[in-house]
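Hi,

Here is the structure I promised to pass on. Have a look at it first, and my notes follow underneath.

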Amino acid sequence: HGYYGSYAIVGAHLPIACGLAWAARIRRSGQVTVCFFGDGTTNIGAFHEAVNLAAVWRLPVAFVCENNWYMEYTPIGDVIPVALPAADRAAAYGLDRIVVDGNDVSAVRQVVGDAVRAARDGDGPSLIEAQTYRLKGHSAADAAAYRPAEDVARWRERDPLLLARAALVADGTAAEK
């Protein structure tokens, strides 16, 4: 299905995404690479190198930053000089600032679909920042005690699956009992 997996080294897959996009271009397959990563990845060299190369070569790739506001255990805002780790850096690579509510399934589908169509049409890469929240700790061993309980509760109400279900029911889909 074209899924190339995940890698233990943070951000190691971003340059690989560029290689996959380059291969698609050479083969003229019409394929577009979609590469997901967390907000903490925006602070490593591979992020900057991959986004820069993709922009210079106008590769068919959509980079999607899942900004959950925490780099493992550290709030992303404590370690970056801008408010949004991906979107606020996009202009440095000549890319548009794209921000989407990562908990709104329809909005994400629309934004990523637009990015894929643009890449397929030869318009080059996109850098999308999907704002969301991690409801659990970073790993099974992480109790996430460093996060305010009221933040977790507020974001739990915005669970993307619950929101998508509510939208479907509001549009006339029968609610399961």
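**The aspartate at 142**

D142 is buried, at a relative accessible area of 10%. One thing to keep in mind as you read: this is a predicted model. D142 sits in the loop that runs between β6 (126–131) and α4 (149–156). Its side chain has two partners that I'd look at. One is the backbone nitrogen of H138, which the side chain of D142 reaches at 2.6 Å. The other is the side chain of Y146, with which the D142 side chain makes a polar contact (2.6 Å). Leaving out residues up to four places away in sequence, D142 also touches Y73, R134 and G137.

**From Y146 to the aromatic rings**

Y146 is worth following further. Unlike a buried residue, which has to be under 20%, Y146 counts as partly exposed, because its relative accessible area is 29%. By the ring-centre rule there are 6 aromatic pairs in the model. One of them joins F37 and F47: the ring centres are 5.7 Å apart and the planes are at 55°, so this pair is tilted. F37 belongs to strand β1 and F47 to helix α2 (residues 45–57), so the pair ties together parts that are 10 residues apart in sequence. Both partners are out of the solvent by the area criterion: F37 is buried at a relative accessible area of 3%, and F47 is buried at 0%.

Y70 and Y146 make another aromatic pair, also tilted, with 5.6 Å from centre to centre and 55° between the planes. Here the link is between distant parts of the chain, since Y70 is in strand β3 and Y146 in the loop between β6 and α4, 76 residues apart. Y70 is buried, with a relative accessible area of 11%. Y70 and Y146 also belong to one aromatic cluster, together with Y73, Y133 and W155. Y73 is a name you have already met, as one of the residues that D142 touches.

**The largest pocket**

How big is the largest pocket, by volume? The volume comes to about 1,000 Å³. The lining has 37 residues, and the closest to the pocket centre are G5, H13, C35, F36 and F37. F37 is also the residue whose ring pairs with F47. The elements that give two or more residues to the lining are α1 (13–27), β1 (33–38) and β3 (70–71). Helix α1 contributes the largest share, 7 residues. As for chemistry, the lining residues divide into 18 nonpolar, 14 polar and 5 charged.

**Two more aspartates**

D101 is in strand β5 (residues 98–101). Is D101 buried, partly exposed or exposed? D101 counts as partly exposed, because its relative accessibility is 27%. The side chain of D101 reaches the backbone nitrogen of N103 at 2.9 Å. Not counting residues up to four places away in sequence, D101 touches V108, Q131 and R158.

D159 is 58 residues from D101 in sequence, and the C-alpha atoms of the two are 11 Å apart in space. D159 shows up at the start of helix α5 (residues 160–170), where one of its side-chain oxygens reaches to within 2.7 Å of the backbone nitrogen of L161. At the other end, just after α5, G172 takes a positive phi of about 105°.

**Backbone angles to check**

Most residues other than glycine have a negative phi. Two residues here are worth a look with that in mind.

- W69 has a positive phi, near 75°, and is not a glycine. W69 lies in the loop between β2 (61–67) and β3. With a relative accessible area of 24%, W69 is partly exposed.
- E72 is not a glycine either, yet has a positive phi of about 55°. E72 is placed in the loop between β3 and β4 (74–75). The relative accessible area of E72 is 39%, so E72 is partly exposed.

If you open just one view, I'd start at D142, with its side chain in polar contact with that of Y146, and then go on from Y146 to the ring of Y70.

Cheers

Notes: Residues numbered from 1 in each chain as written. Predicted model: local features only at pLDDT ≥ 70, side-chain atom pairs only at ≥ 80, totals over all residues. Heavy atoms only, no water. Polar contact = N/O pair within 3.5 Å; in protein donor to acceptor, adjacent residues only side chain to side chain. Helix = DSSP H or I, 4+ residues; strand = E, 2+ residues; numbered from the N terminus. Buried < 20%, exposed > 50% of the residue type's maximum accessible area, 1.4 Å probe, protein only. Contact = heavy atoms within 4.5 Å. 1 Å grid on protein atoms, 1.4 Å probe; cavity = no way out; pocket = protein on both sides within 12 Å on 5 of 7 lines; lining within 4 Å. Points joined across faces, edges and corners; volume = space filled by probe spheres on them. Nonpolar A, V, L, I, M, F, W, Y, C, P; charged D, E, K, R; others polar. Phe/Tyr/Trp six-rings, centres within 6.5 Å; stacked < 30°, edge-to-face > 60°.
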